[in-house]
Amino acid sequence: MKKYLLIFGANGELGKGVTSVLTTKDFEKIYLFDFKFDNDFNGDNVHKVIISDLTVESNVQNAFNEIPVETDAQYFLFSTVGGFWGGKKIWETSIEDLMNMIKMNLITNFNLAKYLSTLVQNSTGGAIIFTSAYTANHPEENKFAYGMSKAALSYLVKTLAIEGESIKLSSMAIAPYILDTKANRKWMNNSNFEKWIKPEEVGELIYDLFKNFRINSGNILELKLRLI
């Protein structure tokens, strides 16, 4: 059985860590999508695709046109796509800021889900894993727009898990509290970094979830802190 892997947001800190793990696994072909690429992750089975704004459906359609449609293949997609904005109370939040979070965290991933579903319908099945956030289920002060958009993403995950049964598509998400990235270390420089989950650890987790995609659809796995 051929296994094709798609990673959207492969050039970010989380994406690079996950990609460094998944490119060593048993995927026939790997497609990396982002707005730009460094000189990482080369190989005969690795294909890099430059993408444009994923809130625009035609851009997502063009990205998926790079993927061969094969009836004897399984397709696996991991999305790191999204963004963060915070620091204001609900009554200080503008409609523009709210809509920007909805576009970045929901609309982009809706488009990915839609086109992967179309691809999987012509194959033997597959799975999609999104990147949600711990705050989606645990509201925090000054994060309304971000948390609400991630909560909406959680609804997409669970609905797609139900509807995806008919096409053998599994839908899941991870919901990190904080990850060990350069940006987060700069932002919270007095924290115990040893407790933070590393992107490479997320990569191993994603692979395990893909391996067991037939039994874990609909789950949103919260990643709080690692044991030390």
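This is a chat about the strands, helices, loops and aromatic rings of one predicted model.

Q: Before we start, what kind of model is this?
A: It is a predicted model, in which local features need pLDDT of at least 70, side-chain atom pairs count only at pLDDT 80 or more, and totals for chains, interfaces and linings use all residues. Residues are numbered from 1 along each chain as its sequence is written, and side-chain values use heavy atoms, with hydrogens and water left out.

Q: OK, what order do the strands of the sheet come in?
A: The order is β3-β2-β1-β4-β5-β6-β7 in an open sheet of 7 strands with parallel pairing, where helices (H or I, at least four residues) and strands (E, at least two) are DSSP runs numbered from the N terminus, and two strands pair if DSSP finds at least two bridges between them.

Q: And which are the edge strands?
A: They are β3 (46–50) and β7, each of which pairs on one side only.

Q: How much are neighbouring strands turned against each other?
A: On average the angle is 15 degrees, with direction ignored; axes here are lines fitted to C-alpha atoms, for helices over the stretch in contact, and angles run from 0 to 180 degrees between N-to-C directions.

Q: Which helix packs on β1, β2, β4 and β5?
A: That is helix α1 (residues 13–22), which touches β1 (2–8), β2 (29–34), β4 (73–79) and β5, and whose direction makes about 165 degrees with that of β1. Touching, or contact, means heavy atoms within 4.5 Å.

Q: What about α6, where does that one lie?
A: Helix α6 (residues 199–211) lies across β1, β4, β5, β6 and β7, and runs at about 155 degrees to β6.

Q: Let's look at β6 then; how many of its residues are buried?
A: For β6, 8 of its 8 residues are buried, where buried means under 20% relative accessible area, exposed means over 50%, and partly exposed is in between (1.4 Å probe, protein chains only). L169, S171, A173 and A175 point one way from the strand, while S170, M172, I174 and P176 point the other way.

Q: How does β6 pair with β5?
A: The two strands pair in the parallel sense over 6 bridges; G126 stands opposite L169, and the bridge partner of A127 is S170.

Q: And on the β7 side, how many bridges are there?
A: There are 4 bridges joining β6 to β7 (residues 220–223), and these strands also run parallel, with I174 of β6 standing opposite L221 in β7.

Q: New topic: where is S132, and is it buried or exposed?
A: S132 is in the loop between β5 (126–131) and α4 (144–163), and it counts as buried because its relative accessibility is 4%. Leaving out residues up to four places away in sequence, S132 touches K150, L153, S154, A173, I174, A175 and P176.

Q: Which residue in that β5–α4 loop is partly exposed?
A: One of them is N142, which is found in the loop between β5 and α4 and has a relative accessible area of 25%. Its phi is near 65 degrees, a positive value in a residue other than glycine.

Q: Why is a positive phi worth mentioning?
A: Because most residues other than glycine have a negative phi. K168 also has a positive phi, of about 60 degrees, although it is not a glycine; K168 is in the loop between α4 and β6 (169–176), and its relative accessible area of 52% makes it exposed.

Q: Now the aromatics: how many pairs are there?
A: The count comes to 11 aromatic pairs, where rings of Phe, Tyr and Trp (its six-membered ring) pair if their centres lie within 6.5 Å, and planes under 30 degrees apart count as stacked, over 60 as edge-to-face and the rest as tilted.

Q: Why is the F27 and F76 pair called edge-to-face?
A: The ring planes are at 65 degrees, so the pair is edge-to-face, and the centres are 6.1 Å apart. F27 is in the loop between α1 and β2 and F76 is in strand β4, 49 residues apart.

Q: Which residues form a cluster with those two?
A: F27, F76, Y207, F210 and F213 form one aromatic cluster.

Q: Last one: which lysine lies over the face of F27?
A: That is K3, at 5.1 Å from the ring centre, where a charge sits over a ring if NZ of Lys or CZ of Arg is within 6 Å of the ring centre and within 35 degrees of the ring normal. The charged end of K25 sits over the ring of Y207, 4.9 Å from its centre.
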